[in-house]
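Colleague: Could you take a close look at a single strand and describe its surroundings and its pairing partners in one connected account?

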Amino acid sequence: MSGLGSEQLDKLERRIAESLEEPWDKGIGCPKEFTLREAIIIASGYARQNIIQQVWAEIFDTSQPTISRIITTVTPLIEKATAQDRPSAEDAKAAVRGQTVLLDGFLAPTWSWRDTPELWSGKHKTTGFNGQAIANLHGDLIFVSEPVTGHNHDMTALTETDTADIIASAFSGIADKGYQGSGYITPIKKPRHRKLLDWEKEFNANVSRLRAPVERAIAHLKSWRILHTDYRRPLRTYVTSYRAAVGLYFFKLNFE
């Protein structure tokens with residue numbers, strides 16, 4: 001339900017407990033409705049499943065406001081506790097040095113808030129935030145960027161995040177047509193006046209095959225479904241939730 005195994009929950013609970021200024025349950029006054037571990041399961045499970053809070057409340061036999069309070073309180077704690085697991089730009093630069101890497105952008109969808117037209121992605125025909133992902137040729141994620149509003153083209157998102165600087169440290173980069181003109185290896189665009197030549201078609205097919213691992217890697221990242229289905233919580237909480245979900249992905253991936 002939480003997306004984490006028992007030992008992984010143990011480790012995450014220890015980290016969060018150590019980060020608290022005072023104990024989760026002080027043992028005085030009104031007792032907490034849920035233990036810290038249960039609260040972590042609720043918050044991480046929400047990021048994993050992205051089920052509406054009313055259903056989550058029925059599952060845990062409590063009220064929707066209680067679920068909302070727990071998610072609001074614990075998600076920032078998860079973000080902080082998993083910060084060390086999210087690869088920094090410097091870590092990523094060291095990891096890509098001398099390698100050929102794969103680049104792709106993804107949209108993490110949100111509700112369509114009327115007062116935030118900048119979330120609209122013309123490419124995806126929906127609203128959300130643009131994230132940039134870098135993987136090696138085996139499909140291992142090396143870096144996931146901070147989110148930028150969905151109206152940004154992949155090339156814009158590339159330069160507005162640390163992604164371009166990281167790939168500059170690599171031997172070369174392979175990307176899709178959205179990055180043409182970047183200097184990376186990308187498919188050949190069909191000219192207006194003719195069809196693609198056979199060698200050009202073969203080249204594009206080879207680029208697509210090489211890029212497949214990063215697409216699979218993003219699909220695995222989006223198993224934290226808060227990155228895959230519409231984000232329904234207040235928009236001011238989005239960046240924290242995004243970082244928490246990405247942190248949980250790398251926390252689980254690197255768990256020892």
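**A covered strand and its partners**

Modeller: Strand β1 (residues 100-109) is mostly covered, with 10 of its 10 residues buried, where buried means under 20% relative accessible area with a 1.4 Å probe and protein chains only, and where strands are DSSP runs of E with at least two residues, numbered from the N terminus. This is a predicted model, in which local features need pLDDT of at least 70, side-chain atom pairs count only at pLDDT 80 or more, and totals for chains, interfaces and linings use all residues. Residues are numbered from 1 along each chain as its sequence is written, and side-chain values use heavy atoms, with hydrogens and water left out.

Looking at the two faces in turn, Thr 100, Leu 102, Asp 104, Phe 106 and Ala 108 point one way from β1, while Val 101, Leu 103, Gly 105, Leu 107 and Pro 109 point the other way, and the residues of both sets are all buried.

As for pairing, two strands are taken to pair if DSSP finds at least two bridges between them. With strand β3 (residues 126-135), β1 runs antiparallel, and 8 bridges join the two; within this pairing, Leu 103 of β1 stands opposite Ile 134 in β3. With strand β6 (residues 172-174), β1 pairs in the parallel sense, over 3 bridges, and here the residue standing opposite Gly 173 of β6 is Val 101. Both Val 101 and Leu 103, which have these partners in β6 and β3, belong to the set that points away from β1 together with Gly 105, Leu 107 and Pro 109.

Key: Buried means under 20% relative accessible area, exposed over 50%, partly exposed in between (1.4 Å probe, protein chains only). Helices (H or I, at least four residues) and strands (E, at least two) are DSSP runs, numbered from the N terminus.
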